[in-house]
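Reader: I keep meeting labels for parts of a protein and wondering where they come from. Could you go through a few with me?

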Amino acid sequence: MTDPAPPRTSIRTAALWLAIGMLVLAALLGAFFIIIGDQSAVASRAWLTLLLVGLFAGAVLLDASIGDGPNRWYLPASIVVNVVLVAVGLLKLWNGWGQPADTTDPTVWFEQMARFFAVVALLRVSLFITQIWGLYFIARAKRTVTRVSGIVTIVLVWITALILALPAALPELEWPDWWWRTAGAASLVAVVTLVIPLIVRAFDPKPPKPAQPAYPAAPQGYAQPAAPAQPAAFPAQPGYPAQPGYPAQPAGYPAQPPAAPAQPVNPAQPPQGHPVA
């Protein structure tokens, strides 16, 4: 028996239906413009629309397949960012509000795609920074200065991303000089505040290292075991005189093996066949 799968949360269910609904809407929108559209390259625009929404649905399903984790706000925030990116992409593809008129020109088309990818990079990088800084420098911060600098960093990062993304999304609108000055100042301060939590975290007190186990002190020297005392005399062998024993060796030296007993001297035997004189 296998355990039943856990039920989906409301956010994951909404993400699933949003992905399916966006795919169906993109297909209907493309079919509508193919039939009654008056723009050039309508079929190509329709296929690109379907590809754009397919990528959106894949991103939503990928985010939903990841566990909830510590950042439970990430899935709805990622869905909102992806919806904004799909809206910007549709404006670029179908020459919507705030877009240049001559989209059939290859140069204009290349610029539109470059602006769209710039918007994607700005918003997704901002979401990534929010995910990392919000977890390590706000939720798990040990100091107040770390938490405050993390909050300021996230706010300035999103201000910079929005200020830079709006002109890329709507290039035909007039953007005053103070807008670009604000974008430059916000980006400069955002870079500085990105580094401050890293420096503060680097100087946080480190946890103490675990104590090493104590080993017993080694002895000053190693003494050799004393050799057993030698017997005072070896027992006499049959036909040989008893041999004197060796004195006991001092401690610390290995015992010397006993010398071999002396062989008895036998008298010379006369040669056979010759009488002794």
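**How the labels are earned**

Author: Let's start with a pair of helices: H4 and H5 are roughly antiparallel to each other. Keep in mind that this is a predicted model.

Reader: What makes H4 and H5 "roughly antiparallel"?

Author: Look at the crossing angle. The axes of H4 and H5, residues 144-169, cross at roughly 170 degrees. The label needs an angle over 145, so H4 and H5 get it. The axes also come within 9 Å. As for what sits in the contact of H4 with H5, its residues divide into 18 nonpolar, 6 polar and 2 charged.

Reader: How many salt bridges are there in the whole structure?

Author: A search turns up 2.

Reader: Why is the pairing of Arg115 and Glu111 called a salt bridge?

Author: The N to O distance between their side chains is 3.8 Å. The cut-off is within 4 Å, so this pair counts as a salt bridge. Both residues lie in helix H4, 4 residues apart, which is about one turn of the helix.

Reader: And what about Asp177 and Arg181: what makes that one a salt bridge?

Author: Same test here: their side chains meet at 2.6 Å, N to O, and the limit is 4 Å, so the name applies. Asp177 and Arg181 both lie in helix H6, residues 177-202, and they are 4 residues apart, about one turn of the helix.

Reader: Are Arg115 and Arg181 buried or exposed, and how do you know?

Author: Arg115 has a relative accessible area of 26%. Buried means under 20% and exposed means over 50%, so Arg115 is in between: partly exposed. Arg181, at 62%, is over the 50% mark and therefore exposed. Glu111, the partner of Arg115, comes out at 36%, so Glu111 is partly exposed.

Reader: Now the largest pocket. What classes of residue make up its lining?

Author: By class there are 13 nonpolar, 2 polar and no charged residues. The pocket holds about 350 Å³ of space. Of the 15 residues that line it, the closest to its centre are Leu52, Leu55, Phe116, Phe117 and Val120.

Reader: Which helices supply at least two residues of that lining?

Author: Helix H2 (42-65), helix H3 (74-93) and helix H4 (106-139) each do. The largest share, 6 residues, comes from H2.

Notes: Residues numbered from 1 in each chain as written. Predicted model: local features only at pLDDT ≥ 70, side-chain atom pairs only at ≥ 80, totals over all residues. Heavy atoms only, no water. 1 Å grid on protein atoms, 1.4 Å probe; cavity = no way out; pocket = protein on both sides within 12 Å on 5 of 7 lines; lining within 4 Å. Points joined across faces, edges and corners; volume = space filled by probe spheres on them. Nonpolar A, V, L, I, M, F, W, Y, C, P; charged D, E, K, R; others polar. Axes fitted to C-alpha atoms, helices over the stretch in contact; angles between N-to-C directions. Parallel < 35°, antiparallel > 145°, perpendicular 65-115°, else oblique. Buried < 20%, exposed > 50% of the residue type's maximum accessible area, 1.4 Å probe, protein only.
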